[in-house]
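Let's explore a protein model together, one question at a time. Have a look at the picture first, and then we can start reading it.

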Amino acid sequence: MKKVRCIAVLCAAVMSLSAFAGCADKKKNNSEDNSPQAVDQMPSNPVIKETDFMSFIFDEGGTNYLHMTLDELNAAEDNAYTEDNALEYDPDFGYVVYDLGELDSLFCGRAKLGGKLPVHCQLNLKDDKIVKISYAIEEAEGVDVKEVCKNLSECIAGALPEDYIAEYDRKPEGKDSAVFANTVDGYVFTVKHSDLDDNGYPVIMSIETYKDKYGME
């Protein structure tokens, strides 16, 4: 009985190995057969439409999105800012990032960029509320980064109330930077280079309240 049992076990093992090898071959063949189709079906990064986050500055009665929750933002923007649409989504660590695709302007057409550039939008959160909105503008061939900074800065400067003070080329923000602020009850608008030598991309444009920027209650 022991000998018969051993033979049965050996046969079962051989059959299992054969089946495993067959599955491996089948998987390999399927992979080879379907690889072009698989590449074609790979989903691209979701691209969402730019929200007019600066409308409260440019338009009378425009919407101020700062201090909204993500749920409130999604209710206002047709659920564009969901986890499924995000490039990075980590509200527990205070940020979410979305791809706006290649844009030739910012602020919904108000500030021309001089060409199509890849743009990401990051929302920073505190206590589940949006405390900072940032645009990261990446490089594209033939578009001068200095012109991008200049166009953004001029567009912002032309829309702000007269009591806003502008600082240009401020050291922490780098060459071609601009920072606009008024009082502790107002807002801070920043245009900066974010590379090491302040001469290239990305350009970061951010919106936040004065109190949020400087940690004031």
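Q: Is Cys 155 buried or exposed?
A: Welcome to a predicted model, in which local features need pLDDT of at least 70 and side-chain atom pairs count only at pLDDT 80 or more, while totals for chains, interfaces and linings use all residues. Residues are numbered from 1 along each chain as its sequence is written, and side-chain values use heavy atoms, with hydrogens and water left out. Here buried means under 20% relative accessible area, exposed means over 50%, and partly exposed lies in between (1.4 Å probe, protein chains only). Cys 155 has a relative accessible area of 14%, so the word for Cys 155 is buried.

Q: How many disulfides does the structure hold?
A: A disulfide is a pair of cysteine sulfur atoms within 2.5 Å. By that rule, the number of disulfides in the structure is zero.

Q: Which cysteine has a positive phi near 55 degrees?
A: The residue sits in the loop between strand 2 (95-106) and strand 3 (111-126). Helices (H or I, at least four residues) and strands (E, at least two) are DSSP runs, numbered from the N terminus. With 39% relative accessibility the residue counts as partly exposed. A positive phi is found here in a residue other than glycine, and its name is Cys 108.

Q: In which loop is His 67 found?
A: His 67 is not a glycine, yet it has a positive phi of about 75 degrees. Its relative accessible area is 38%, so His 67 is partly exposed. Its place is the loop between helix 2 (55-58) and helix 3 (70-76).

Q: What pattern does the protein chain follow along the sequence?
A: The secondary structure comes to five helices and eight strands. Read along the sequence, these give α-α-α-β-β-β-β-α-β-β-β-β-α.

Q: What share of the 217 residues in the protein chain is buried?
A: The cut-off for buried residues is the one we met with Cys 155, whose 14% relative accessible area makes it buried. Over the 217 residues of the protein chain, the buried share is 36%.

Q: Which residue in strand 6 is the bridge partner of Ile 165?
A: Two strands pair if DSSP finds at least two bridges between them. Strand 5 (residues 165-168) and strand 6 meet that rule with four bridges, in the antiparallel sense. Within this pairing, the partner of Ile 165 is Ala 181.

Q: How many residues lie between strand 6 and strand 7 in their hairpin?
A: The two strands run antiparallel and are joined by four bridges. One of the bridge pairs is Phe 180 with Phe 189 of strand 7. The number of residues between the two strands of the hairpin is five.

Q: Which residues of strand 6 are buried on its two faces?
A: Both faces of strand 6 are covered. On one side are Ala 178 and Phe 180, and on the other are Val 179 and Ala 181.

Q: How are the rings of Tyr 168 and Phe 180 arranged?
A: The structure holds ten aromatic pairs, where rings of Phe, Tyr and Trp (its six-membered ring) pair if their centres lie within 6.5 Å; planes under 30 degrees apart count as stacked, over 60 as edge-to-face and the rest as tilted. Tyr 168 and Phe 180 have ring centres 6.1 Å apart and planes at 90 degrees, so this pair is edge-to-face. Tyr 168 is in strand 5 and Phe 180 in strand 6, so the pair ties together parts twelve residues apart in sequence. The arrangement asked for is edge-to-face.

Q: What is the angle between the planes of Tyr 187 and Phe 189?
A: These two rings form a tilted aromatic pair, at 6.4 Å centre to centre. Phe 189 counts as buried because its relative accessibility is 0%. The angle between the two planes is 45 degrees.

Q: How far apart in space are Phe 189 and Ala 166, C-alpha to C-alpha?
A: Phe 189 has its place in strand 7. In sequence, Phe 189 and Ala 166 are 23 residues apart. In space, C-alpha to C-alpha, the distance is 9.4 Å.

Q: Which residue does a cis peptide bond join to Tyr 201?
A: For this bond, omega is about 0 degrees. The partner is found in the loop between strand 7 and strand 8 (203-209). Its name is Pro 202.
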